[in-house]
Amino acid sequence: MEKPATVTSFFDANLHHDLISGKSVTGTLHQLNKTPIDWCSKSQSNVETATLVSEHVAAQTCTEQVIDLRLALQYLGVPIDGPT
């Protein structure tokens with residue numbers, strides 16, 4: 001029997017990162033058994049004036065990536081231990 005893998009994800013939003021357009025940047029990091037396997041940094045499409053909205057967009061982006069990652073691991077037959 002295979003040992004279950006642990007998936008951990010981190011995300012953050014940097015408000016007003018781009019000084020010209022005022023857009024925020026979302027950063028995500030995904031780990032499999034504490035080994036970084038995927039990371040992403042991208043500019044958000046809308047200009048947000050509140051930190052809460054930028055963090056919500058970052059959380060939504062991270063959640064979508066986690067769903068894709070867990071599905072790919074399931075297709076590969078990797079048992080996953082608990083929630084991400």
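In which strand is T26 found? T26 is found in strand β2. The notes below concern a predicted model.

1. Overall content. The secondary structure of the protein amounts to one helix and three strands. Read from the N terminus, the elements follow the order β-β-β-α.

2. Overall dimensions. Taken along the principal axes, the box filled by the C-alpha atoms is roughly 55 × 20 × 15 Å. The radius of gyration of the protein is 15 Å, whereas a compact globule of 84 residues would have a value near 12 Å.

3. Surface and burial. The protein has an accessible surface of about 5,800 Å². Carbon and sulfur atoms contribute 59% of that surface. Of the 84 residues in the protein, 24% are buried. Among contacts with a separation of 6 or more, 49% are between residues 24 or more positions apart.

4. The sheet. The three strands form an open sheet in the order β1-β2-β3, and the pairing is antiparallel. β1 and β3 are the edge strands, each pairing on one side only. From one strand to the next, the twist averages 10 degrees. Helix α1, covering residues 51–75, packs on this sheet and touches β1, β2 and β3. The direction of α1 makes about 155 degrees with that of β1.

5. Pairing of β1 with β2. Strand β1 spans residues 7–14 and strand β2 spans residues 25–32; the two run antiparallel and are joined by eight bridges. As one example of a bridge partner, F10 has L29 in β2.

6. Pairing of β2 with β3. Eight bridges also connect β2 to strand β3, residues 35–43, again in an antiparallel arrangement. Here T28 has C40 of β3 as its bridge partner. In general, strands of a sheet pair through backbone hydrogen bonds, in a parallel or an antiparallel manner.

7. The hairpin of β2 and β3. Two residues lie between the strands of this hairpin. N33 is located in the loop between β2 and β3, and K34 has its place in that loop. The phi of N33 is positive, near 55 degrees, in a residue other than glycine. K34 likewise is not a glycine, and its phi is positive at about 65 degrees. For a reviewer checking backbone geometry, these are two residues to view in the model.

8. Exposure in the hairpin loop. How does K34 count at 72% relative accessibility, buried or exposed? K34 counts as exposed, because 72% is over the 50% cut-off. N33 has a relative accessibility of 46% and therefore counts as partly exposed, a class that lies between 20% and 50%.

9. T26 in strand β2. The relative accessible area of T26 is 2%, which is under 20%, so T26 counts as buried. The side chain of T26 makes a polar contact with the side chain of Q44, at 2.8 Å. Leaving aside residues up to four places away in sequence, T26 touches D12, C40, S41, K42, Q44, A58 and T61. D12 belongs to the range of β1, residues 7–14, while C40, S41 and K42 fall within β3, residues 35–43. A58 and T61 lie within the residues of helix α1, 51–75. The contacts of T26 thus include residues of β1, of β3 and of α1.

10. D38 in strand β3. D38 has its place in strand β3. With a relative accessibility of 36%, D38 counts as partly exposed, because the value lies between 20% and 50%. Not counting residues up to four places away in sequence, D38 touches T28, L29 and H30. These three residues are within the range of β2, residues 25–32. L29 is also the bridge partner of F10, and T28 is bridged to C40. D38 and Q65 are 27 residues apart in sequence, and their C-alpha atoms are 9.5 Å apart in space. Q65 falls within the residues of helix α1, 51–75.

11. Points to view together. T26 is buried, whereas D38 is partly exposed. T26 is found in β2 and D38 in β3, two strands joined by eight bridges. In a regular strand, side chains alternate between the two faces of the sheet.

Methods: Residues numbered from 1 in each chain as written. Predicted model: local features only at pLDDT ≥ 70, side-chain atom pairs only at ≥ 80, totals over all residues. Heavy atoms only, no water. Pairing = 2+ DSSP bridges. Helix = DSSP H or I, 4+ residues; strand = E, 2+ residues; numbered from the N terminus. Axes fitted to C-alpha atoms, helices over the stretch in contact; angles between N-to-C directions. Contact = heavy atoms within 4.5 Å. Buried < 20%, exposed > 50% of the residue type's maximum accessible area, 1.4 Å probe, protein only. Polar contact = N/O pair within 3.5 Å; in protein donor to acceptor, adjacent residues only side chain to side chain. Rg over C-alpha atoms; globule rule 2.2 N^0.38 Å. Areas by Shrake-Rupley, 256 points an atom, 1.4 Å probe, with all protein chains shown as cover.
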